[in-house]
Every structure is written in structure tokens, then in C-alpha cells.
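Biologist: Please take me through this protein chain one question at a time, and say what each term stands for as we come to it.

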Amino acid sequence: MRKMIWGAVLAPIFAAALSGCDAPRQQVTVYERDAVPERLSDWHIVEVIDGELTPNSGVTPYDLNTALFTDYAHKLRTVWMPAGTSAKYGDERFDYPVGTVLSKTFYYPKDASGAVLRTDDYRNDYVEGRAGEALDLDNVRLMETRLLVKRADGWQALPYVWNAEQTEATLEIAGDASRLQLVSAAGDSSAFTYVVPDANQCAGCHADNHTEKSIKPLGPRARHLNKDYAYASGVQNQLLHWQQIGYLSDMPEFAAIPRNADYADTGLPLEERARAYLDINCGHCHNPSGAADTSGLMLAHNEEDRRRLGLCKPPVAAGTGSGNRLFAIVPGEPDKSILNFRVESTDPGAMMPELGRSLVHEEGTALLREWIASMPGSCS
């Protein structure tokens with residue numbers, strides 16, 4: 001298969017176009033594993049400047065076709081690689097160079113009173129004229145920024161929590177918790193606890209191979225990244241952009257690259273949307289080598305066996321976790337399906353995913369209900 005490779009010499013040219021401010025910025029600094037700074041700003045990945053949270057020069061924002069649900073938090077994701085290096089393409093996983101820094105900033109839109117808002121609308125999150133590039137701190141409340149840093153011996157996860165003044169985030173290895181009220185467009189308010197996981201809990205999701213137990217990136221994979229992004233230089237497919245700026249090598253013909261569905265795009269087939277949702281929210285554990293491998297329920301994107309996907313599959317263990325239901329998926333009957341019970345529960349002993357949420361994702365659970373209700377057949 002013919003490869004399309006752009007020289008890494010182009011990286012400085014395009015990186016300059018990504019800078020959010022005209023003022024000189026310090027270069028990104030990568031610290032040793034045992035000498036990480038207490039302040040997020042010392043990395044110079046994303047920084048607060050003049051009321052904006054902006055990525056540094058060469059720090060590239062990205063998005064996912066369908067993203068992990070985290071109590072309705074919005075996210076600004078970025079990637080940075082050392083000069084002259086690039087990630088090597090792979091359908092299932094990229095081989096990132098040592099020194100790569102992935103960041104994910106969790107935040108909520110807020111209203112004039114400071115209340116955090118439940119909305120899927122990102123338009124007011126960004127500085128006018130710089131959509132997708134710079135967060136407007138007049139309109140959002142920053143919660144945390146998580147870094148994944150590629151070391152010679154593997155990835156390191158580092159959680160930084162933003163202060164009340166929204167001026168700096170500090171390293172909190174033990175995690176953090178904040179009580180919040182989330183206000184919907186209809187004015188309904190839901191109390192919940194926003195939890196920042198401790199550094200060890202990151203492995204609960206990011207170690208998607210239960211035997212190896214090593215942390216790896218989950219979101220920035222080919223099928224999740226294969227979508228357009230509104231860069232400062234214009235709209236472009238993310239994978240082509242990474243290749244163009246020297247961040248991705250050995251990319252195959254574009255038509256051969258997989259693409260997950262956007263779960264919210266009602267113009268796409270229902271099954272594609274539901275499978276994409278399960279893949280990103282559940283597939284990191286429910287796969288043949290994941291933490292939930294003994295459950296026999298496989299929810300990753302490439303599972304083709306309908307029984308392993310849950311159709312008329314009895315649980316390994318009954319009781320609280322199953323809601324006393326008999327099968328993971330009962331075709332046509334979401335109210336009799338364990339899968340629906342668990343994703344709709346907020347009971348710590350039953351809810352799925354186990355980490356990352358305390359609220360029910362109403363849009364996601366409605367999609368799964370619609371999908372299962374549409375299935376023909378029965379388990380009799």
C-alpha cells in the first residue's frame with residue numbers, strides 16, 4: 001500500500017500558525033518522571049494569558065468523533081511532540097515518540113451568575129474568532145487538566161486541578177472533588193460531585209490491557225481522530241493535519257482509515273452510533289484483554305459476535321450488578337436488559353462505567369435504549 005509521508009521539516013511552519021497570542025511564549029518544557037513541576041504553567045502546554053486559556057505554539061488541539069462522557073464536562077484536548085519527531089500510524093494505536101505530551105482540560109460553560117451549565121453547545125466556550133483554539137474564561141469554569149507524558153519506560157499520568165481564581169492549576173496526585181450544581185437549558189439544577197481521579201486511578205481506564213497494566217492513550221486513535229477540525233488556519237481533517245505538520249508518519253491511503261461515528265449524528269445508522277458510544281465509554285475495559293475480560297461482554301468497536309456483544313448473554317454474576325435481569329441485552333426490551341440498567345444507574349455497586357461519572361448521561365442512555373428497542377427477536 002502506498003504511503004503518504006510529509007517531512008517533519010514542515011512542522012515549524014505550521015506550528016507558528018497555531019500560536020494563540022502574538023506575545024512571545026516560552027517553549028514547551030518536558031520534565032523528568034520524578035521531577036514534575038507543581039504548576040501546570042511550568043510545562044507551557046496550555047496557559048492562562050489575558051483571560052484566555054491558550055495552547056502554546058506547536059501545541060495542536062484535537063477532538064474525537066464520539067467522546068467519553070464525564071458528567072457533561074466539556075474538554076479541550078491538545079497534543080505536542082518534540083521537534084523532529086512524529087507518531088507512527090497504526091489503525092488500533094499510534095506509536096508516539098518519547099517526549100509526547102497529551103493534555104485534556106475539563107471545564108464547564110457558565111452563565112453570568114457563575115452557575116455551570118449542562119449544554120452540548122461549544123460556541124460560547126471560545127474567544128471570538130478563535131473557535132477551537134482559545135477558551136474564554138469569562139464564559140467557562142476550568143476544573144482540571146490531565147497530562148499524559150510519554151517516557152522512555154511508558155506513559156505517565158499527571159492530574160492538575162485549577163484554582164478558584166482560574167489562574168493556575170496545581171498537581172494533585174491524590175485527586176480532588178468539588179460539589180457543583182449543573183443547570184440545564186430548562187433551568188433544572190442537579191447537584192453532583194465532580195471527581196478528579198488520583199494518578200493511580202488513571203490506570204483503571206487507560207490500562208486497556210489488563211495483563212500489561214501499562215497506561216496508554218485511548219482517545220487519539222485513528223478511528224476517533226478521523227474528522228474535521230476548525231483550526232486557526234482553516235478547517236481540515238485532523239489526521240491529514242497531523243501528517244502535514246509532521247506529527248504523523250506512515251499514514252496509509254486516506255480511504256483505508258477507519259472512522260467511528262458521531263453518536264449524536266441522527267443522520268447516521270443507529271447501530272453505528274450506538275457501537276461508537278459503547279466503544280469509547282466501555283470498550284477500554286470490555287475487550288478480550290481489558291479489565292472486564294472475565295465478564296465475557298465485549299463492547300469494543302471490532303466485536304462481531306452478537307453473543308459476546310451481549311445479545312441474550314447471561315451475566316457471569318447475578319444480583320445487584322445485574323438488577324436481577326437475566327441477559328445483558330434482550331432484543332426489543334431495554335427495560336429487561338442489564339446493559340441499560342447499569343448505564344442508567346448511579347449506584348456505585350452497579351453503575352457503569354465505574355469511574356468518570358456520577359450523573360446519568362441522558363442522551364447516551366436514550367440512544368442505547370433506542371438501539372436495543374429496535375432489535376428483532378427474543379431470548380426465549
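## Helices, cavity, loops and strands

Biologist: Which helices do the buried residues of helix 5 pack against?
Modeller: This is a predicted model, in which local features need pLDDT of at least 70 and side-chain atom pairs count only at pLDDT 80 or more, while totals for chains, interfaces and linings use all residues. Residues are numbered from 1 along each chain as its sequence is written, and side-chain values use heavy atoms, with hydrogens and water left out. Helices are DSSP runs (H or I, at least four residues) numbered from the N terminus, as are strands (E, at least two); buried means under 20% relative accessible area, exposed over 50% and partly exposed in between, with a 1.4 Å probe and protein chains only; and contact means heavy atoms within 4.5 Å. In these terms, the buried residues of helix 5 pack against helix 3 (222-225), helix 6 and helix 7.

Biologist: How many of the 13 residues of helix 5 are buried?
Modeller: Helix 5 reaches 18 Å from its first C-alpha to its last, close to the 18 Å expected at 1.5 Å a residue, where the expected span is 1.5 Å times one less than the number of residues. Its buried residues include Leu270, Arg273, Tyr277 and Asn281. Helix 5 is largely enclosed by the rest of the structure, because the number of buried residues among its 13 is eleven.

Biologist: What arc around the axis do the buried residues of helix 7 cover?
Modeller: Helix 7 (residues 362-373) has twelve residues, and those that are buried are Gly364, Thr365, Leu367, Leu368, Trp371 and Ile372. They are on the same side of helix 7, because the arc they cover around the axis is only 155 degrees. That arc is the one formed by the directions from the helix axis to the C-beta atoms, and here it is 155 degrees.

Biologist: From which helix does the largest share of the lining of the largest cavity come?
Modeller: On a 1 Å grid over the protein atoms alone, a cavity is a set of points where a 1.4 Å probe fits but cannot get out, and lining residues have an atom within 4 Å of a point; points are joined across faces, edges and corners, and the volume is the space filled by probe spheres set on them. The search of the whole structure finds one cavity of 30 Å³ or more, and the largest has a volume of about 80 Å³. Its lining includes Tyr277, Asn281, Cys282, Met352, Pro353 and Thr365. The largest share, three residues, comes from helix 5.

Biologist: What is the omega of the peptide bond from methionine 352 to proline 353?
Modeller: Most peptide bonds are trans. Proline 353 is placed in the loop between helix 6 and helix 7. The bond that leads to it from methionine 352 is cis, with omega near -5 degrees.

Biologist: Is aspartate 71 buried or exposed?
Modeller: Aspartate 71 is in the loop between strand 3 (60-62) and strand 4 (74-80), and its phi, near 50 degrees, is positive although the residue is not glycine. Aspartate 50, in the loop between strand 1 and strand 2, also has a positive phi of about 50 degrees, and its 75% relative accessibility makes it exposed. Aspartate 71, at 3% relative accessibility, counts as buried.

Biologist: Which strands stand at the edges of the sheet in the order 1-2-8?
Modeller: Three strands form this open sheet, and the pairing is antiparallel. Each of the two edge strands has a single partner strand, so one side is left without a neighbour in the sheet; these are strand 1 (46-49) and strand 8 (135-136).

Biologist: Which residues of strand 14 point to one face and are buried?
Modeller: Two strands pair if DSSP finds at least two bridges between them, and strand 14 pairs with strand 15 (residues 234-237) in the antiparallel sense over four bridges. A hairpin of two residues joins them, and alanine 230 stands opposite valine 235. Along strand 14 (residues 228-231) the side chains alternate, with Asp228 and Ala230 on the face that is not buried, whereas the buried ones are Tyr229 and Tyr231.

Biologist: Which residues does aspartate 335 touch, leaving out those up to four places away in sequence?
Modeller: Aspartate 335 is in the loop between helix 5 and helix 6 and is exposed, with a relative accessible area of 51%. Arginine 325 is ten residues away in sequence and 8.9 Å away in space, C-alpha to C-alpha. With that sequence limit, aspartate 335 touches Arg325 and Arg369.

Key:
On a 1 Å grid over the protein atoms alone, a cavity is a set of points where a 1.4 Å probe fits but cannot get out, and a pocket is an open set with protein on both sides within 12 Å along at least five of seven lines; lining residues have an atom within 4 Å of a point.
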